[in-house]
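This report introduces a structure to a reader who has not met it before. The sequence and the model are shown first, and the description follows.

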Amino acid sequence: MATYSYVDCLERSYKVNWKIKDVLGNQDFDLSRPWLPAGLSGGSSLSFLDEEEKRKLTHVEMGAYAHLFGFVEAFIAPEMVALARDSSHETAGAFEALTNFASEEIKHMHLFQEIRRRVDNKLGFELELLAGQQEVAQTVLSRHRGAVLLLTAAIEWLTQHHYLSAMRHSDELDPLTKEIFRFHWMEEAQHAQLDHLEAMAHFKSMGASDRDAAVEDLIWLLVAVDGLLQQQVGHDVVNASRYLGRVFTAVERQEVRQGLLKAKRHCFIESGVSHPNFQELFLSVTTPDQQARVQDALTLILHRGPGH
Ligand SMILES: [Fe+2]
Ligand SMILES: [Fe+2]
């Protein structure tokens, strides 16, 4: 059983805390390298693209990948401010750790904004990216706090998984990309543990029907995340066509959509909800019946075709 603490999280956060200039320095993206590892890219399944085109596809995918983290941080930061405001003085370090968490997310949003600017400069055109960040943040925050906390925990654990399993030991990945997500991983490690502490405390204070409502809202949020990923995939197809300088046939376009959507669902849904540390949290705050409902919803979400 996980034994996290607010005080430890804050201490570790102070140890690893970085500035945006530490991350970006004077480095530039390298167009001769992939910007996302194969495990997080949708290119590997697209047999009609050659190796250079698959590598170029990772450049537009990474622009979207960085954007989506900034996008979700727009609800995570205010969520942490609200949790800090409501935290108990009796829980040592909670207020400090949660406000620090919020401030780190604001910094990450600025980092990802700057990354988008640099990606656009490097690619020579402005990437089409998912819009409506503030409206989506308001919508997410209007759902059950228990659901928002579980979704947040899944997202923060997946940042850990992506860096450790796909980026850290990659020799071919663009060095600047690796550095960006290494720095992000370092601070997200504390965030994921704080999500765990907050979710455990909130579910403990809830009655059975309240927990049921939280699980229903979690399902609603997972469906909504998938809808956003589908929208971004639509933009990715336009970005890829423009960057590769090729017009996809109807069949190719459909294959690109499917390949990119499968990769995005893996990145932003599957790798989070299946992370062992998320599973430990989820299983401890839900009943077998609630777990089955979420699993059924996930099966539907992960297997439905684009446009549903
Ligand atoms: Fe972040
Ligand atoms: Fe975070």
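At roughly what angle do the axes of helix α3 and helix α8 cross? In this predicted model, helix α3 (residues 51-85) and helix α8 (residues 208-244) have axes that come within 10 Å and cross at roughly 140°. Angles over 145 degrees count as roughly antiparallel; α3 and α8 are therefore described as oblique to each other. Their crossing is right-handed. On the side of α3, the contact is made by Glu53, Lys56, Leu57, His59, Val60, Glu61, Ala64 and Leu68. On the side of α8, Gln232, Asp236, Asn239, Ala240, Tyr243 and Leu244 take part. Sorted by class, this contact of α3 with α8 has seven nonpolar, three polar and four charged residues.

**Two further helix pairs**

Helix α3 also packs against α4, at an angle of about 160° and with the axes 8 Å apart. The two helices α3 and α4 are therefore roughly antiparallel to each other, and α3 passes α4 in a left-handed crossing. The contact of α3 with α4 has 19 nonpolar, seven polar and three charged residues.

The axes of α6 and α10 come within 9 Å and cross at roughly 160°. That angle makes α6 roughly antiparallel to α10. Here the crossing is right-handed. Leu150, Ala153, Ala154 and Trp157 are the residues of α6 that meet Asn277, Phe278, Leu281 and Phe282 of α10. By class, the contact of α6 with α10 has seven nonpolar residues, one polar residue and no charged residues.

**The nonpolar core**

Which residues have the most contacts inside the largest nonpolar core? They are Leu150, Ala153 and Ala154, in a core of 78 residues. These three names also appear in the contact of α6 with α10. Two or more residues are given to this core by each of α1 (6-16), α3, α4 (94-123), α6 (145-167), α7 (175-204), α8, α9 (250-273) and α10 (276-285). Of these, α3 gives the most, with 15 residues.

Leu150 can be followed further. Leaving aside its neighbours within four places in sequence, Leu150 is in contact with Ala199, Leu218 and Phe282. Phe282 is among the residues of α10 that meet α6.

Phe268 is found in helix α9. Is Phe268 buried or exposed? A residue counts as buried if 20 or more other C-beta atoms lie within 10 Å of its own; Phe268 has 22 such neighbours and is therefore buried. When residues up to four places away in sequence are not counted, Phe268 touches Leu68, Val225 and Leu229. Leu68 also belongs to the α3 side of the contact with α8. Phe268 and Phe282 are 14 residues apart along the chain, and their C-alpha atoms are separated by 17 Å.

**The loop between α2 and α3**

The loop between α2 (20-24) and α3 holds Ser45, and Pro37 lies in this loop, as does Leu31. The table sets out the surroundings of these residues.

| Residue | Other C-beta atoms within 10 Å | Class |
|---|---|---|
| Leu31 | 12 | exposed |
| Pro37 | 23 | buried |
| Ser45 | 15 | partly exposed |

Why does Leu31 count as exposed? The limit for an exposed residue is 12 or fewer such atoms, and Leu31 is exposed because it has 12. The C-alpha atoms of Leu31 and His59, 28 residues apart along the chain, are separated by 7.9 Å. His59 is one of the residues through which α3 makes its contact with α8.

Which residues does Pro37 touch, not counting those up to four places away in sequence? Pro37 touches Ala166, Met167, Ser170 and Leu173. Between Pro37 and Thr177 the distance is 10.0 Å in space, C-alpha to C-alpha, while the separation in sequence is 140 residues.

For Ser45, the partner considered is Ala201, which is 156 residues apart from Ser45 along the chain. The C-alpha atoms of Ser45 and Ala201 are separated by 42 Å.

Note on methods: Residues numbered from 1 in each chain as written. Chains lettered and ligands numbered in written order. Predicted model: local features only at pLDDT ≥ 70, side-chain atom pairs only at ≥ 80, totals over all residues. Axes fitted to C-alpha atoms, helices over the stretch in contact; angles between N-to-C directions. Helix = DSSP H or I, 4+ residues; strand = E, 2+ residues; numbered from the N terminus. Parallel < 35°, antiparallel > 145°, perpendicular 65-115°, else oblique. Left-handed = near helix turned anticlockwise from the far one by under 90°. Contact = placed C-beta atoms within 7 Å. Nonpolar A, V, L, I, M, F, W, Y, C, P; charged D, E, K, R; others polar. Core = buried A, V, L, I, M, F, W, Y, C linked by C-beta atoms within 7 Å.
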